[in-house]
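Subject: Structure handover

Hello,

Please find the structure below, handed over for you to look through. My notes on it follow.

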Amino acid sequence: FKEDNLYINYEDTNIKIIVEELPEFLNELSKEGQKLKKYVNIMGKDCLRIYPKLHCDFDRPDIKCKFCGVNAKKDTMDDDTLLSEYLWAFDIANEKYKPNYIFMSTGTHFNEQEYYFFKRFFEEIKKRKNGENLLKNTIFVPAPNITSDLIDTLYELGIGMISINMEIWNKEKFEELCPGKVEVFGRDNYLKMINECCKK
């Protein structure tokens with residue numbers, strides 16, 4: 001801490017830390033009484049970070065990933081209400097923040113039907129101002145039990161990249177730190193889905 005500024009010091013290099021104030025629109029309240037930032041947040045300079053259905057079905061002591069600190073609670077809203085809330089937040093952020101990119105992660109759901117919520121969301125985004133460009137610049141991160149048919153549909157909608165997040169490449173570390181992912185999905189299934197997405 002020096003002259004009212006924060007720095008990271010590495011050897012002979014001082015790197016000033018700049019903390020931007022978050023835009024005020026993130027605190028607007030939805031019809032359901034939730035702050036906008038519960039649904040849509042900002043990432044970097046021109047990217048929206050959107051994590052619908054973030055809860056993880058591995059969030060149990062016996063199968064939870066050992067490095068994960070996410071304790072997201074499952075939304076109690078039905079999918080129609082949830083989609084309406086997310087679209088309300090997206091529309092405000094899209095207008096006021098003018099993003100060029102979207103990063104969207106899903107959490108992990110054992111019921112693969114959960115992922116069809118995202119198809120509906122992307123279809124709605126595509127109709128919005130700058131929607132097609134945003135989809136082209138979207139990174140979507142589902143679990144590897146997403147179906148091949150849905151992957152095809154999302155690419156046809158215009159999604160730029162589907163990224164299956166394996167977490168850890170090292171086989172032994174993966175088994176040690178992601179016991180649930182090894183047990184339920186298996187490392188080979190991650191590799192299969194990564195290859196399938198790369199081919200597309």
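Lys-171 is a place to start: it is partly exposed, with a relative accessible area of 42%. Bear in mind that this is a predicted model. The side chain of Lys-171 meets that of Glu-175 in a salt bridge, 3.0 Å from N to O. Both residues belong to helix α5 and sit four residues apart, about one turn of the helix. Glu-175 also counts as partly exposed, at 41% relative accessibility. Elsewhere, Asp-91, Glu-124, Lys-127 and Arg-128 are joined into one network by salt bridges that share partners.

How many salt bridges does a search of the whole structure find? The count is 18. One of them pairs Lys-181 with Glu-167, at 2.7 Å from N to O. Lys-181 is in helix α6 (residues 179-184) and Glu-167 is in the loop between β7 and α5, so the salt bridge ties together parts that are 14 residues apart in sequence. Lys-181 is buried, at 6% relative accessibility, whereas Glu-167 is partly exposed at 35%.

Another salt bridge is formed by Arg-120 and Asp-80, whose closest N and O atoms are 2.7 Å apart. This pair links distant parts of the chain, with Arg-120 in helix α2 and Asp-80 in helix α1 (residues 79-97), 40 residues apart. Arg-120 is partly exposed, at 32% relative accessibility.

Helix α2 (residues 116-127) also lies across β4, β5 and β6, and runs at about 170 degrees to β5. These strands belong to an open sheet of five, in the order β3-β4-β5-β6-β7, with mixed pairing. At its edges stand β3 (40-43) and β7 (161-162), each with a single partner strand, so one side of each has no neighbour in the sheet. The partner of β7 is β6 (residues 138-141), and the two pair in the parallel sense over two bridges. In this pairing Phe-140 stands opposite Ile-162 of β7.

The remaining notes concern β1 and β2. These strands run antiparallel and are joined by five bridges. They form a hairpin with two residues between them, and Glu-11 in the turn has a positive phi of about 50 degrees. Leu-6, in strand β1, stands opposite Ile-17 in β2. Leu-6 is partly exposed, with a relative accessible area of 44%. Leu-6 and Ile-17 also help make a nonpolar surface patch of about 630 Å², together with Phe-1, Ile-8, Ile-15 and Val-19. Each of the two strands supplies at least two residues of that patch.

Regards

Notes:
Residues are numbered from 1 along each chain as its sequence is written. This is a predicted model: local features need pLDDT of at least 70, side-chain atom pairs count only at pLDDT 80 or more; totals for chains, interfaces and linings use all residues. Side-chain values use heavy atoms; hydrogens and water are left out. Two strands pair if DSSP finds at least two bridges between them. Contact means heavy atoms within 4.5 Å. Axes are lines fitted to C-alpha atoms, for helices over the stretch in contact, and angles run from 0 to 180 degrees between N-to-C directions. Patches are made of residues with over 30% relative accessible area and no salt bridge: like charges are joined within 9 Å, nonpolar side chains (Val, Leu, Ile, Met, Phe, Trp, Tyr) within 5 Å. Accessible areas come from the Shrake-Rupley method with a 1.4 Å probe; for residues, only the protein chains shown count as cover. A salt bridge is a side-chain nitrogen of Lys or Arg within 4 Å of a carboxyl oxygen of Asp or Glu. Buried means under 20% relative accessible area, exposed over 50%, partly exposed in between (1.4 Å probe, protein chains only).
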